[in-house]
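Colleague: Could you walk me through this one? I'd like to learn how to read it feature by feature.

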Amino acid sequence: MGALGKAIAIYPSAWWRDEELNGEGVSDTGAIRVTYDNSPADGSFGAMMGFIEADEMRKLDTASEDEVKRQVKQSFANLFSPRVDNATGVLIQRWDLEEFSRGGPSAFMPPGVLTQYGSYLRAPVGRIHFAGTETSLRWIGYMDGAISSGEKVAGEILENW
């Protein structure tokens, strides 16, 4: 799995919209390299989400939660404005430190692995069927892929019931 983390800064409102910004940004410096507006549709609060990826995530693996939050806020400030310091909270998810997944969003498979062995990911073994985002035919690594894979396998099981 790739070294990956996610950070979400929470605000009383999506203030960037008032400044005619959409909350999306891309950077080549800082802990956060890509951001998105993650605010709820009802506008009850603002949420700016960013990914911490690869080497930037590995650099923060031993950092304290407070240090990660500081660097996340600095990354958002570099992209938008110092106003990001007014966050009422910052949520951090460090997938590469998770005991069982050790990263995300999907497993790394170098060239040739899927074309040579991919069919084995989906092939049932007796009555055991495999489902999950990595076995999906589309949207591998995403929730959409996991759902479509689960639906496919459920259909296979029902056919043989």
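Modeller: Start with the domains. This is a predicted model, and its domain assignment gives domain 1 (4-97) and domain 2 (113-159). Taken over C-alpha atoms, the two domain centres lie 33 Å apart.

Colleague: OK, strands next. How buried or exposed is strand E1?

Modeller: General idea for strands: in a regular one, side chains alternate between the two faces of the sheet. Here, seven of the eight residues of E1 (residues 4-11) are buried, so the strand is largely enclosed by the rest of the structure.

Colleague: And which strand pairs with E1 over eight bridges?

Modeller: That's E4 (residues 46-53), running antiparallel to E1. As an example, Lys 6 stands opposite Phe 51 in E4. E1 also pairs with E5 (residues 89-94), again antiparallel, over six bridges. In that pairing, Ala 9 has Val 90 as its bridge partner.

Colleague: Now helix H5. Which of its residues are buried?

Modeller: Gly 145, Ser 148, Ser 149, Val 153 and Glu 156. Looking down the axis of H5, these buried residues fall within an arc of 130°, so they line one face of the helix. Met 143, Glu 151 and Leu 158, on the other side of H5, are exposed. As for length, H5 has 17 residues and spans 24 Å from first to last C-alpha, close to the 24 Å expected.

Colleague: Where does UniProt place the "binding site" feature?

Modeller: The unreviewed UniProt entry puts it at Glu 134. Glu 134 sits in the loop between helix H4 (113-122) and helix H5 (143-159). Its relative accessibility is 22%, so Glu 134 counts as partly exposed.

Technical notes: Residues numbered from 1 in each chain as written. Predicted model: local features only at pLDDT ≥ 70, side-chain atom pairs only at ≥ 80, totals over all residues. Heavy atoms only, no water. UniProt positions renumbered as here; feature names shortened; annotations may be inferred. Helix = DSSP H or I, 4+ residues; strand = E, 2+ residues; numbered from the N terminus. Buried < 20%, exposed > 50% of the residue type's maximum accessible area, 1.4 Å probe, protein only. Domains from an automatic or database assignment. Expected span 1.5 Å × (residues − 1). Arc of directions from axis to C-beta. Pairing = 2+ DSSP bridges.
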